[in-house]
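Visitor: Before we start, I would like to know how the labels used for this structure are justified.
Guide: Then ask about them one at a time.

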Amino acid sequence: MASLLYRLGRFSFRRRRLTLIVWVMLLGLFGVGAAQLSGPTSDELAIPGTESLQALEVVTDKFHGGTDTASARVVFTVSGDGTLAGPDQQAAVRATVGALRKAPQVTTVDDPYEAKTIAPDGKTAYANVDYAVVATEVTAASREALLAAGDTARQAGVGVEYSGEVTEQEEAGGGAEGLGIVVAAVVLLITFGSLVAAGLPVLTALIGVGIGMLGIQITTGFLDLTSNTADLAVMLGLAVGIDYALFILSRYRHELTTGRSGEEAAGRAAGTAGSAVVFAGLTVIIALAALSVVGIPFLASMGVAAAGTVAVAVVISLSLVPALLGFAGRKILPRSQRRGIGRPARTPMGERWARGVVRHRVPALVLSLVVVGIVAIPGLDLNLALPDDSTAAAGSTQRKAYDQLAEGFGAGINGPLLVVVEAAAGQSAAAGEQAQKLISGLEGVVIATGAEPNRAGDTATLNVIPQSGPLSEETKTLVHDIRAQQANFTAATGGATLAVTGRTAVDIDVSEKINDALLPYLAVVVGLAFVLLLVVFRSILVPIKATLGFLLSVVASFGALVFIFQQGHLTDLVGIESTGPIVSFIPIFLIGILFGLAMDYEVFLIIRAREEFVHGAAPDDAVVASMRHGARVVTAAALIMMSVFAGFVLADDIIIKSLGFALAFGVAVDAFLVRMTIVPAVLSLLGRSAWWLPKWLDRILPNVDVEGERLSKQLAGGRPPAADQPGPGSGPGETVAAQRP
């Protein structure tokens, strides 16, 4: 692989104009495709095959003619001693209802006085608004009409707030990644001392993200993607795009300082650092693509879309970056090096740090593990759920509507359950009455409404209002209690069935499905990490150490996430006004993404230690040498990733905000505490044992030559690089395998 990448790097550098034109044309083609083929995104987080979704499909088919239309809820309140029963208040509410009935795309609007949706104290009421189209097709004019309809009521002193999926369409993100890019550019400028060198990785990352985003827009014309898919792709694409270009650029500058020509330096950079970039990118891609095997479609689509953006970042780093290096010339170096002014030799900070860790390896290891353990403790309280209006910003109309309904009707009004009864033709009404009696007697039920049969008389629905809110454990228990009555209900009705659905039940099913997939996915990722690192490092203990370090980063991230976003500590730090359960799919994404990023740092740091040990260095000296050469670049890479991810903490979307924080914190722990402290300490304690590999295993493992040693030998011998021929026992792995502890 190193030889192939070497030739690609030289070609891209030599034919830089052609390479640049190809990428510009590719960007243009994707832009045209996105303009012509893009479709709407969806916020529906349902999982096919769950009881709630199957029941919802029955309702859609039997009651709505096959269309799952949008809806909204308008909440009316009065303050002080007044009530909504006064003539002025009634006139104001009914004027709003009348205006809503005339709004575009609206089919029906409930009158609170006729529907009896007024709180016992008379101070709160609500009206349900149904639309003729699905949520993604509700126009801006319809949303504006919805929000403007309450003006008359407000003038009469009646408060009006809104909730529901129609109002959610109004939310929009905006430029949260901008701050991260600025910080990344500053880090690059400090690291390289050149404006050109600082700007190049940012430029290539933006091009990669642009292509990835346009590709996602094209995909929306053929597949259903969630609105968060693009945000995740931007977040990852920027971070890895800048980092991968940084590694190539750093090696290129090193090759230039040894006196090599620009073309040769580009080839060697692509063949050596580029090999590590390919491996690092593959780990991220595989981890994200592996989300496809957990059986959750919206996670699979988000993972594959993000993986595609990472793949684009890898290819750009291997081809476009060398081409732009050709245009930059020696401006890629700081002025002092261009003028031949040498700097006084001094011990790199990474080397000083490594020597300190090796010298005090036991205290460094114990202290680091204690810190991770303390940070991880809140993670034991991890509670997963999908977000609802209770987690919206305190000043938003959705949050106000949620709180007002909970105060007037009880917490359960915000999480009603829809029970669907299916029976033989003409028998659904009787079966529905039986279901109402059965459910009314369950603990945690405020009221079960009368059943409403369809025209065919084979299906009926009834609403169940729980005592608890939609995100509470009590509501989850109630859903399972209702479902547990299935056998008794079927026996009592002679064959009728019941099922629980509605948004609350759908969210519960999605959360439980994701929870069930979490440990198997973690096992797949950890197993994958071990196999990949076994091939790369040709060692038994190093992969075990690396995967355990990855788990430390994950549990620390979980702990910090729960501490702030669920328990509500330090909320001002990240700008959140309300807390609640962690979004269900955040942990599984966190595992996949952190796995790939952790392997990045593991490879870029430890591959040099292996190389030094193979060439005869003592174990501690090999560790110090790896930190001397790699700590500065890895530190810059980690700071860049942290800044990009932290920039998304400024987003309004709680999903993107929490994922950005967790990734920024996880990268910080993994890079600085795990890879630069725990890993050197453990390698020093293991000594030669760290690099032992049984001979029989060495013979069957492929030699991927990530460090490009075979390429270096070919070039040193004056031979043109040939295609890699990995063979059993070949390369430096044979030397390592022979050295037993």
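Guide: R538 lies in the loop between α21 and α22 (541-566). This is a predicted model.

Visitor: Why is R538 called buried or exposed?
Guide: Its relative accessible area is 1%. Buried means under 20%, so R538 is buried.

Visitor: What makes the phi of R538 worth a remark?
Guide: The phi of R538 is positive, about 50°, although R538 is not a glycine.

Visitor: Which other loop residue has a positive phi without being a glycine, and is it buried or exposed?
Guide: L570 has a positive phi of about 55° and is not a glycine. L570 sits in the loop between α22 and α23 (571-574). Its relative accessible area is 53%; the limit for exposed is over 50%, so L570 counts as exposed.

Visitor: How do you know whether α21 and α24 are roughly parallel or not?
Guide: Helix α21 (residues 503-537) and helix α24 (residues 586-614) pack at an angle of about 15°, with their axes 11 Å apart. Angles under 35 degrees count as roughly parallel, and therefore α21 and α24 are roughly parallel to each other. Their crossing is right-handed.

Visitor: What makes up the contact of α21 with α24, by class?
Guide: The contact has 19 nonpolar, 1 polar and 2 charged residues. Among them are Y521, L528 and F537 of α21, and G592, E602 and R610 of α24. Gly counts as polar, and Glu and Arg count as charged.

Visitor: Why are β2 and β4 called edge strands?
Guide: The open sheet has 4 strands in the order β2-β3-β1-β4, with antiparallel pairing. β2 (106-109) and β4 each have a single partner strand, so one side of each is left without a neighbour in the sheet. Neighbouring strands are turned by 25° against each other on average, direction ignored.

Visitor: How do you know that β2 pairs with β3, and β1 with β4?
Guide: Pairing needs at least two bridges. β2 and strand β3 (residues 124-131) are joined by 3 bridges, one of the partnerships being V106 with Y131 in β3. Strand β1 (residues 71-77) and β4 are joined by 5 bridges, and V75 stands opposite E161 in β4. Both pairs therefore meet the requirement of at least two.

Visitor: What makes β4 mostly covered?
Guide: In strand β4 (residues 159-163), 4 of the 5 residues are buried.

Visitor: Which helix packs on the sheet, and where?
Guide: Helix α4 (residues 87-101) touches β1, β2 and β3, and its direction makes about 155° with that of β2. Angles over 145 degrees count as roughly antiparallel, so α4 and β2 are roughly antiparallel.

Conventions: Residues are numbered from 1 along each chain as its sequence is written. This is a predicted model: local features need pLDDT of at least 70, side-chain atom pairs count only at pLDDT 80 or more; totals for chains, interfaces and linings use all residues. Side-chain values use heavy atoms; hydrogens and water are left out. Axes are lines fitted to C-alpha atoms, for helices over the stretch in contact, and angles run from 0 to 180 degrees between N-to-C directions. Angles under 35 degrees count as roughly parallel, over 145 as roughly antiparallel, 65 to 115 as roughly perpendicular and the rest as oblique. A crossing is left-handed if the near helix is turned anticlockwise from the far one by less than a right angle, and right-handed if clockwise. Contact means heavy atoms within 4.5 Å. Buried means under 20% relative accessible area, exposed over 50%, partly exposed in between (1.4 Å probe, protein chains only).
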